[in-house]
Structures are given as structure tokens and as C-alpha cells.
Amino acid sequence: MGTGGRAEDDTLVIELEDQLRRLKWYSPLRFASMGVQQWHFVGLVDGAVRYESGTFAAPWGWGVEPLGKAIPPREEWAPGIEEALDELRTEITADGWAEVECGARPWQHTYRKRT
């Protein structure tokens, strides 16, 4: 149970994710040499993916984190990011989720299931 007696599966969060991250054969170094990564947004409920957006390309950044995590992608250099997020948010709210919080990043939205 979460805070206030709500079950964890009543909360959904949107996160930015490298599209290939959940593949068993994924290796960040394998794809770093390409210079571009395919990203998407995921709607997570208790850590499990319930929703996935369309993909968009963003440059790979060298260092500790991919560029999309260290510097938030923007439409100027990650075309399609706004459309992917808008479509995902529309799908989530159409399924009965209500937005309850926005985080520091443009995609960091938290939802609760309407009862």
C-alpha cells in the first residue's frame, strides 16, 4: 500500500527511456557508436510498463548518462518528442487516469486512477 491507504497500482508515472533498454541483449556501448538513440516515453505502474509512446531520435551523449537523460531532449534536436508525449498523455487520460503532479522535466507526470 502507498501513502494514504492507496494501492501502488493506483499510481502511474511517465518516464523517458531508451527504446532498447528493456531488451535482454541490450548494450549501451553497442548503440553509442551510432550517434543517435531511439527514445520513447513509458507509463509505469508499480515499475511495470503499461503504456508506451511512439519513438523519436535524439543524439547519444558521451559520459555517464545518455544525452536524453543528462540534458532533456527538445523538439529542435529530438523531432517528434512533443507529439510522442502528447499522444501518450492523451491515451493515459482516456483510460481513466487523472494527472496529479508534474515534475521538473516536461515528461515527469504522475497520475492516479479515477475511482
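How many helices and strands are there in the protein chain? The model, which is predicted, contains three helices and six strands. From the N terminus on, these elements follow the order β-α-β-β-β-α-α-β-β. The protein chain has 115 residues, and 33% of them count as buried. Contacts between residues at least 6 apart in sequence were also examined. Of these, 50% join residues at least 24 apart.

Confidence comes next. The mean pLDDT of the protein chain is 79. A value of 70 or more is reached by 70% of the residues. Residues 1–5 have a pLDDT below 50. Beyond near neighbours in sequence, this stretch has five contacts in the model. Where pLDDT is low, predicted coordinates should not be read in detail.

The largest nonpolar core holds 18 residues. Leu12, Ile14, Phe41, Phe56, Ile92 and Trp97 touch the most other members. Four elements each supply at least two residues of this core: β1 (11–18), β2 (36–45), β4 (56–59) and α3 (81–94). The largest share, five residues, comes from α3.

Ile14 shows how contacts reach across the sequence. Neighbours within four places are left aside here. Ile14 is in contact with Phe41, Val42 and Gly43. Further partners of Ile14 are Leu85, Leu88, Arg89 and Ile92. The list for Ile14 is completed by Trp107, Gln108, His109 and Tyr111.

The largest pocket encloses about 160 Å³ of space. Its lining includes Phe41, Pro73, Arg74, Glu75, Glu76 and Ile81. Glu82, Leu85, Asp86, Arg89, Pro106 and Trp107 also line this pocket. By class, six lining residues are nonpolar and six are charged, with no polar residue. Helix α3 gives the largest share of the lining, five residues. Phe41 thus appears in two lists: the pocket lining and the core residues that touch the most other members. Leu85, Arg89 and Trp107 line the pocket, and these three residues are also in contact with Ile14.

Two strand residues were examined in turn. His40 is placed in strand β2. Is His40 buried or exposed? The cut-off for buried is under 20% relative accessible area. His40 has 2% relative accessibility, so it counts as buried. Not counting residues up to four places away in sequence, His40 touches Glu15, Leu16, Glu17, Asp18 and Gln19. On a later stretch of the chain, His40 touches Glu52, Ser53, Gly54, Thr55 and Phe56.

Thr110 lies in strand β6, residues 109–113. Its relative accessibility is 16%, so Thr110 counts as buried. Thr110 and Val13 are 97 residues apart along the chain. Their C-alpha atoms, however, are separated by 4.5 Å. Neighbours within four places in sequence are again left aside. Thr110 is then in contact with Thr11, Leu12 and Val13. Ala98, Glu99, Val100 and Glu101 are its other partners.

Asp46 differs in its surroundings and its backbone. Where is Asp46 found? Asp46 is in the loop between β2 and β3 (48–52). The cut-off for exposed is over 50%. Asp46 has 60% relative accessibility and therefore counts as exposed. Most residues other than glycine have a negative phi. Asp46 is not a glycine, yet its phi is positive, at about 55°.

Terms used
Residues are numbered from 1 along each chain as its sequence is written. This is a predicted model: local features need pLDDT of at least 70, side-chain atom pairs count only at pLDDT 80 or more; totals for chains, interfaces and linings use all residues. Side-chain values use heavy atoms; hydrogens and water are left out. A nonpolar core is a set of buried Ala, Val, Leu, Ile, Met, Phe, Trp, Tyr and Cys residues joined through side-chain atoms within 4.5 Å. Buried means under 20% relative accessible area, exposed over 50%, partly exposed in between (1.4 Å probe, protein chains only). Contact means heavy atoms within 4.5 Å. On a 1 Å grid over the protein atoms alone, a cavity is a set of points where a 1.4 Å probe fits but cannot get out, and a pocket is an open set with protein on both sides within 12 Å along at least five of seven lines; lining residues have an atom within 4 Å of a point. Grid points are joined across faces, edges and corners, and a volume is the space filled by probe spheres set on the points. Ala, Val, Leu, Ile, Met, Phe, Trp, Tyr, Cys and Pro count as nonpolar, Asp, Glu, Lys and Arg as charged, and the others, Gly among them, as polar. pLDDT is the predictor's confidence in each residue, from 0 to 100.
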